[in-house]
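Hi there,

Here is the structure I promised to pass on to you. Please have a look, and then read on for what turned up.

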Amino acid sequence: QLELENAQLQTNFLGLVNDIRQIERQINEINQMQTLFSEHIVEQAEQANLIQQTVNESLINLENSNNELKEASISISFFGKLLLYFIWFCIISLFLIHKM
């Protein structure tokens with residue numbers, strides 16, 4: 001009777017030990033997946049920061065380009081007017097020289 005109970009207890013104990021080992025393996029797998037997940041989150045945060053820096057740099061470049069275009073437009077406008085005045089001066093000068 002005792003030997004039978006002892007054998008049943010031992011069988012139950014071994015079954016519990018196997019269950020515990022399986023749970024430990026599952027916990028280790030979960031831990032590995034959680035670590036991998038954390039690494040991916042950190043990597044995504046770094047990528048998001050890089051994207052934000054690139055966008056900020058692009059905005060600064062765009063603002064600088066707009067300023068350069070405005071300055072170029074003003075310069076072209078000034079030189080265009082200057083050229084127009086010069087041409088009018090030449091026409092009037094030629095007209096006056098021709099009249100003499």
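To start at one end of the chain: is L2 buried or exposed? L2 counts as exposed, because its relative accessibility is 68% and the cut-off for exposed is over 50%. Please keep in mind throughout that this is a predicted model.

**Overall fold**

The secondary structure is quickly told: the chain has one helix and zero strands. The radius of gyration is 43 Å, whereas the globule rule gives 13 Å for 100 residues, so the chain is more spread out than a compact globule. You can see the same theme in the C-alpha trace, which spans about 145 × 15 × 10 Å along its principal axes.

**Along the helix**

Helix α1 runs over residues 2–99, and L2 lies in it. L14 is also found in helix α1, as are F89 and L96. A few C-alpha separations give you a feel for the spacing:

- L2 and Q22 are 20 residues apart along the chain, and their C-alpha atoms are separated by 30 Å.
- L14 and E39 are 25 residues apart in sequence, with 37 Å between their C-alpha atoms.
- F89 and E57 are 32 residues apart along the chain, and 47 Å separates their C-alpha atoms.

**Surface and burial**

Buried residues account for 1% of the 100 residues in the chain. The chain exposes about 9,800 Å², and carbon and sulfur atoms supply 64% of that area.

Which residues form a nonpolar patch on the surface? They are L83, L84, F86, I87, W88, F89, I91, I92, F95 and L96, and together they have about 1,000 Å² of accessible area. Two members of this patch are worth a look in your viewer. F89 has a relative accessible area of 53% and is therefore exposed. L96, with a relative accessible area of 48%, is partly exposed, because partly exposed covers values between the 20% limit for buried and the 50% limit for exposed. Elsewhere in the helix, L14 counts as partly exposed, at 48% relative accessibility.

**Charges**

Finally, how far apart are the mean positions of the positive and negative charges of the chain? For the 5 positive and 12 negative charges, the mean positions are 29 Å apart.

That is what I have for you on this one. Happy to hear your thoughts once you have had a look.

Best wishes

Notes: Residues are numbered from 1 along each chain as its sequence is written. This is a predicted model: local features need pLDDT of at least 70, side-chain atom pairs count only at pLDDT 80 or more; totals for chains, interfaces and linings use all residues. Side-chain values use heavy atoms; hydrogens and water are left out. Helices (H or I, at least four residues) and strands (E, at least two) are DSSP runs, numbered from the N terminus. The radius of gyration is taken over C-alpha atoms; the globule rule is 2.2 Å times the number of residues to the power 0.38. Buried means under 20% relative accessible area, exposed over 50%, partly exposed in between (1.4 Å probe, protein chains only). Accessible areas come from the Shrake-Rupley method with a 1.4 Å probe; for residues, only the protein chains shown count as cover. Lys and Arg count as positive and Asp and Glu as negative; His and the chain ends are not counted. The place of a charge is taken as NZ of Lys, CZ of Arg, CG of Asp or CD of Glu. Patches are made of residues with over 30% relative accessible area and no salt bridge: like charges are joined within 9 Å, nonpolar side chains (Val, Leu, Ile, Met, Phe, Trp, Tyr) within 5 Å. A salt bridge is a side-chain nitrogen of Lys or Arg within 4 Å of a carboxyl oxygen of Asp or Glu.
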